Amino acid sequence: MRYALLKTMEPGTPLIPVFKHIDQNKIDKFGVLSGSTGSVHVDPAFCANSPFKTTLAHGFLTMAYASEMMEVNFGMDWAATGSIEVKFIGQAHPGDTVLTQGTITGTERTAEGLRVECELSINNQNDKKVLAGTASLVCKNAADGTHANG
């Protein structure tokens, strides 16, 4: 995979966003892979009588989109050193298109490299927040706030 890496890592720099369309097929496949096949995720008939009226995407499915955005922006540095902390604020449903976005909030030069802190969020097509959180990583090949890893 080729990474669309950031050219600068200064606080305030927006991350390259990731858009994803969620459908029931993705939710079902994620349920099988994760072992989470509860009715609230995979049974539209059951959910039709629930307060949500439709199935819900797994929280970890939406969190995976946040991790994908970090990988797109930071490549192998994210895979090797990244950590993420999120809160699930809303739900994502089949038919939703979600936007994962973030901003660099801070950097610090350490012995290991440039430590980068980010805020991230996921909103649906109606601008309703699904997830909010923070992520951090160490860019080992970063020099003076630039990114040279791929």
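A disulfide is a pair of cysteine sulfur atoms within 2.5 Å. A search of this whole structure, which is a predicted model, finds zero disulfides. Cys118 is in none, and the nearest cysteine sulfur, that of Cys139, is 8.4 Å away. The chain has five helices and five strands.

**Cysteines**
- Cys139 forms no bond because its sulfur lies 8.4 Å from the closest cysteine sulfur, in Cys118, which is too far.
- Cys118 has 1% relative accessibility, so Cys118 counts as buried.
- Cys139 has 0% relative accessibility, so Cys139 counts as buried too.

**Fold and dimensions**
- The order along the sequence is β-α-α-α-α-α-β-β-β-β.
- That pattern opens with a strand, runs through five helices, and ends with four strands.
- The C-alpha trace spans about 55 × 30 × 25 Å along its principal axes.
- Take the contacts between residues at least 6 apart in sequence: 68% of them join residues at least 24 apart.

**Strand β5 and its partners**
- Strand β5 covers residues 129-139.
- Eight of the eleven residues in β5 are buried, so this strand is mostly covered.
- Strand β2, residues 83-88, pairs with β5 in the antiparallel sense.
- Six bridges make up the pairing of β2 and β5.
- Glu85 stands opposite Thr134 of β5.
- Strand β4, residues 114-123, also pairs with β5 in the antiparallel sense.
- Ten bridges make up the pairing of β4 and β5.
- Val116 stands opposite Leu137 of β5.

**The β4-β5 hairpin**
- Strands β4 and β5 form a hairpin with five residues between them.
- Asp127 in this hairpin takes a positive phi near 65 degrees.

**Surface and burial**
- The chain has 150 residues, and buried residues make up 41% of them.
- The chain exposes about 7,900 Å².
- Carbon and sulfur atoms supply 53% of that exposed area.

**Charge**
- The chain carries 12 positive side chains and 15 negative ones.
- The centres of the positive and negative sets lie 3 Å apart.

Methods
Residues numbered from 1 in each chain as written. Predicted model: local features only at pLDDT ≥ 70, side-chain atom pairs only at ≥ 80, totals over all residues. Heavy atoms only, no water. Buried < 20%, exposed > 50% of the residue type's maximum accessible area, 1.4 Å probe, protein only. Helix = DSSP H or I, 4+ residues; strand = E, 2+ residues; numbered from the N terminus. Contact = heavy atoms within 4.5 Å. Areas by Shrake-Rupley, 256 points an atom, 1.4 Å probe, with all protein chains shown as cover. Lys, Arg positive; Asp, Glu negative; His and termini not counted. Charge placed at Lys NZ, Arg CZ, Asp CG, Glu CD. Pairing = 2+ DSSP bridges.
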